[in-house]
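Got your viewer open? Load the model, keep the selection tool handy, and let's take a walk through it.

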Amino acid sequence: MTSTKLVFTFIVASFLIFLLPPSHAASHSDFEDIKISSSMDSQMVNLSVYYEALSPSCATFIIQNLTGVFDDDLITITNLRMVPWGNAHVNETDNTIICQNGRDECFLHKIQACAINVWNDVDKYYALIHCIEFLVIDGTHSDWQSCFNSLGLSEEPILECYNNGTGAKLQALNGYETAHLDPPHVFMPWVVVNNKSLGKDYGEFTTYICSSYKGKIKPNACKSST
């Protein structure tokens with residue numbers, strides 16, 4: 001497993017460098033536009049969801065279960081992190097990304113990664129992801145652009161991110177993070193609360209969030225779960 005991670009690290013590093021314009025070498029400034037981490041309150045609980053855009057099980061979880069993080073103020077103590085990558089991998093020959101459910105999935109991964117990065121607003125990017133995943137369940141994911149109109153959100157900055165290379169960098173970072181999960185993911189969606197993998201208990205994320213929260217004032221969601 002260690003050797004696999006090292007190979008993937010090398011591929012991702014090469015992939016990121018490959019994506020940069022040839023006029024300059026890679027440096028920290030190249031990634032200043034990418035918000036890798038958030039300066040959240042130290043008492044906030046991290047809820048990381050690793051998923052695939054066109055996976056029926058992931059779409060169902062996002063639509064039917066994960067929405068619960070916005071109920072009873074649970075989101076006020078939760079740093080929700082969406083990581084679209086799943087079982088995708090980088091082709092070592094040409095550095096292209098191959099997604100388990102085809103090219104459309106890779107496209108939607110990049111769109112969703114851009115929304116997360118550009119807006120940096122959980123209400124906005126989750127609403128978009130929720131809308132797209134609803135279309136996935138409905139079998140109409142090709143109408144993904146309709147989500148911007150129905151939500152009153154501008155697609156221009158997202159498409160700019162997609163087209164200017166930032167989206168590809170974000171994909172590579174999501175792939176790196178997913179490949180370095182410990183323990184490695186076994187299925188999708190893979191849910192992690194404060195670095196603890198929930199495994200088959202991923203639907204019980206509220207209980208894990210509440211038990212991990214160390215703050216004095218608990219939201220109603222945690223009061224009802226105790």
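In which hand, left or right, does α3 pass α6? The crossing is right-handed. Keep in mind as you look that this is a predicted model.

**Stop 1: α3 and α6**

Select residues 156–163 to bring up helix α6, and residues 103–119 for α3. The axes of α3 and α6 come within 9 Å, and they cross at roughly 120°. Now show the side chains: Phe107, Lys110, Ile111, Cys114, Ala115, Val118 and Trp119 make the contact from α3, and Pro157, Ile158, Leu159, Cys161 and Tyr162 make it from α6. Colour them by class and you'll get 11 nonpolar residues, no polar ones and one charged.

**Stop 2: α3 and α4**

Leave α3 on screen and add helix α4, residues 122–138. The two axes come within 8 Å and cross at roughly 160°, which means that α3 is roughly antiparallel to α4. The crossing here is right-handed. On the α3 side, pick Leu108, Gln112, Ala115, Ile116 and Trp119; on the α4 side, pick Lys124, Tyr125, Leu128, Ile129, Ile132 and Glu133. That contact splits into eight nonpolar, one polar and two charged residues.

**Stop 3: α3 and α7**

Next, select residues 166–179, which is helix α7. How far apart are the axes of α3 and α7? They are 9 Å apart, and the helices pack at an angle of about 95°, so α3 is roughly perpendicular to α7. From α3, light up Cys106, His109, Lys110, Ala113, Cys114 and Asn117; they meet Thr166, Gly167, Ala168, Leu170, Gln171 and Asn174 in α7. By class, this contact has five nonpolar, six polar and one charged residues.

**Stop 4: the sheet**

Time for some strands. Four of them form an open sheet with mixed pairing, in the order β2-β1-β5-β6. Click on β2 (78–84) and β6 (196–197) to see the edges, where each strand pairs on one side only. Then select β1, residues 45–51: seven bridges join β1 to β2, and the two run parallel. For one pair to zoom in on, try Val45, whose bridge partner in β2 is Thr78.

With the sheet still showing, bring back α7. This helix lies across β1 and β2, running at about 105° to β2. Helix α8 (205–212) packs on the sheet too, and it touches β1, β2, β5 (190–193) and β6. The direction of α8 makes about 150° with that of β1.

**Stop 5: some backbone oddities**

Most residues other than glycine have a negative phi, and most peptide bonds are trans. Here are a few places to look for something else. Which residue has a positive phi although it is not a glycine? Go to Asp73, with a phi of about 65°, in the loop between α2 (56–65) and β2.

Then move to the loop between α7 and β5, where you'll find Pro183. The peptide bond from Asp182 to Pro183 is cis, with omega near 5°. Pro189 is in the loop between α7 and β5 as well, and a cis peptide bond joins Met188 to Pro189, with omega about 5°.

**Last stop: confidence**

Finally, colour by pLDDT. The chain averages 87, and 81% of the residues score at least 70. Over residues 1–31 the pLDDT is below 50, though this stretch has 37 contacts in the model beyond near neighbours in sequence. Residues 36–40 are below 50 too, with two such contacts. Where pLDDT is low, the predicted coordinates should not be read in detail.

Notes. Residues are numbered from 1 along each chain as its sequence is written. This is a predicted model: local features need pLDDT of at least 70, side-chain atom pairs count only at pLDDT 80 or more; totals for chains, interfaces and linings use all residues. Side-chain values use heavy atoms; hydrogens and water are left out. Axes are lines fitted to C-alpha atoms, for helices over the stretch in contact, and angles run from 0 to 180 degrees between N-to-C directions. Helices (H or I, at least four residues) and strands (E, at least two) are DSSP runs, numbered from the N terminus. Angles under 35 degrees count as roughly parallel, over 145 as roughly antiparallel, 65 to 115 as roughly perpendicular and the rest as oblique. A crossing is left-handed if the near helix is turned anticlockwise from the far one by less than a right angle, and right-handed if clockwise. Contact means heavy atoms within 4.5 Å. Ala, Val, Leu, Ile, Met, Phe, Trp, Tyr, Cys and Pro count as nonpolar, Asp, Glu, Lys and Arg as charged, and the others, Gly among them, as polar. Two strands pair if DSSP finds at least two bridges between them. pLDDT is the predictor's confidence in each residue, from 0 to 100.
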